Amino acid sequence: YSFNNIIHHFLLKVNHRLRKLIINLDTHQKLPYNIIIPNKRGNKMKIVIAIDSFKGSISSIEAGTAVSKGIYRVFPDAEISIYPLADGGEGTVNALVNGLGGTFRNVFVFDPLGREISAEYGILPDKTAVIEMASAAGITLLSENERNPMHTTTYGVGQMIADAISHGCRNFIIGIGGSATNDGGIGCLQALGFDMLDSDGKQVEFGAAGLSHLSYISDNNALPCLSECRFQIACDVTNPLYGENGCSTVFAPQKGADSAMVAKMDEYMKKYAELTKRFNPTANPETAGAGAAGGLGFAFVSYLNASLESGIDLILRKIKLEDAVRNADIVITGEGCLDAQSIMGKAPVGVAKLAKKYDKPVIAFCGIAKDENILCNNSEIDAYFPILRNICTADDAMNPENAKRNLAFTAQQVFRIIDKFMK
């Protein structure tokens with residue numbers, strides 16, 4: 001679709017809905033849409049904005065605020081609600097803490113190679129801890145020649161959890177994308193006091209290599225408060241723990257493993273699953289998502305009674321977006337780049353699907369839109385609008401002030417069209 005075709009498609013939809021609205025007003029029938037005509041009826045348009053961050057540029061809240069400025073230039077009396085948005089991956093802590101009035105906390109933890117670093121997580125007003133495992137065990141913390149899943153550990157993730165528990169948190173939202181590890185989550189469990197012992201009764205070493213020596217597992221020294229904790233894990237992969245679709249085969253090569261290492265680690269995971277079944281007979285290595293983050297998903301479910309959930313569904317529930325969408329006239333979403341991946345469980349389509357549950361029109365704004373983004377129109381986004389107004393460098397496009405200015409301008413122009421068809 002060309003940009004003009006997109007606008008034409010959008011205008012046809014607006015015109016069609018307004019015609020139905022006017023007919024229903026004349027016949028006193030129940031309205032099929034909740035669009036309000038502010039210029040005709042004196043009512044205020046209710047707009048809900050939930051936009052993901054433009055990664056490397058502006059945050060979710062900054063993006064939403066910029067769009068609201070553009071809308072207010074056209075509808076100064078509009079009732080606009082801005083919600084933080086993320087999909088459980090990068091940016092989730094910032095979105096929820098800034099959007100829900102939480103606080104950030106920095107703690108010294110081990111990085112994937114056991115070096116001390118400072119990692120940040122969030123604590124929300126209801127004492128829910130929001131953690132991105134990548135801040136302690138992420139692949140971006142390592143240079144390419146440092147990547148070796150035989151030795152990388154999730155220990156730092158457990159340290160973050162332990163710190164949150166010591167500060168009164170008992171509910172956790174944890175995103176487990178972007179890992180550098182393939183240790184089955186044993187490092188995380190070790191940091192929480194679990195005994196992961198070899199045949200000599202000593203704690204096994206870090207990384208997948210530790211799994212090769214694992215002989216006995218015990219929670220005798222685990223933190224007592226773990227039984228009071230509820231863990232919700234944002235997980236959008238469905239891979240099992242081992243096998244041809246398991247974490248070693250599918251993801252370990254991206255983390256520095258060669259083919260020989262992959263074969264060994266897959267066997268280690270099988271042995272680990274067998275030992276885990278002795279500890280917890282209900283443990284199932286075939287659970288969808290067990291292979292997430294190099295088996296960390298399996299550890300959370302099997303040892304901490306966690307739930308693995310769609311990242312966007314988990315976030316939408318936490319921010320209570322559904323209540324706002326139900327009473328909105330228009331829903332606005334978006335992200336930095338709309339492409340084929342946007343329909344695969346990413347935030348904007350999650351918002352759009354929720355909006356369509358209540359038959360609300362959905363507009364998306366994005367930094368760029370790739371050729372295949374027309375798929376978004378088949379995924380409940382009625383129309384999408386890239387915000388770049390001229391040819392520029394990537395640095396200029398991602399400059400925060402430029403991005404906010406472009407968002408506000410594009411939103412203003414879109415709502416001028418809406419205003420035109422409401423008069």
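Me: How many nonpolar, polar and charged residues does the lining of the second largest pocket have?

Reply: Happy to help! This is a predicted model, where local features need pLDDT of at least 70, side-chain atom pairs count only at pLDDT 80 or more, and totals for chains, interfaces and linings use all residues. Residues are numbered from 1 along each chain as its sequence is written, and side-chain values use heavy atoms, leaving out hydrogens and water. With Ala, Val, Leu, Ile, Met, Phe, Trp, Tyr, Cys and Pro taken as nonpolar, Asp, Glu, Lys and Arg as charged, and the others, Gly among them, as polar, the lining has five nonpolar, eight polar and five charged residues.

Me: Which element gives the most to that pocket's lining?

Reply: A pocket is an open set of points on a 1 Å grid over the protein atoms alone, where a 1.4 Å probe fits, with protein on both sides within 12 Å along at least five of seven lines; lining residues have an atom within 4 Å of a point. Helices are DSSP runs (H or I, at least four residues), as are strands (E, at least two), numbered from the N terminus. With four residues, the top contributor is α4.

Me: Is S57 buried or exposed?

Reply: S57 sits in the loop between β1 (46–50) and α3. Its contacts (heavy atoms within 4.5 Å) beyond four places in sequence are M398, N399, P400 and A403. Because its relative accessibility is 17%, and buried means under 20% and exposed over 50% (1.4 Å probe, protein chains only), S57 counts as buried.
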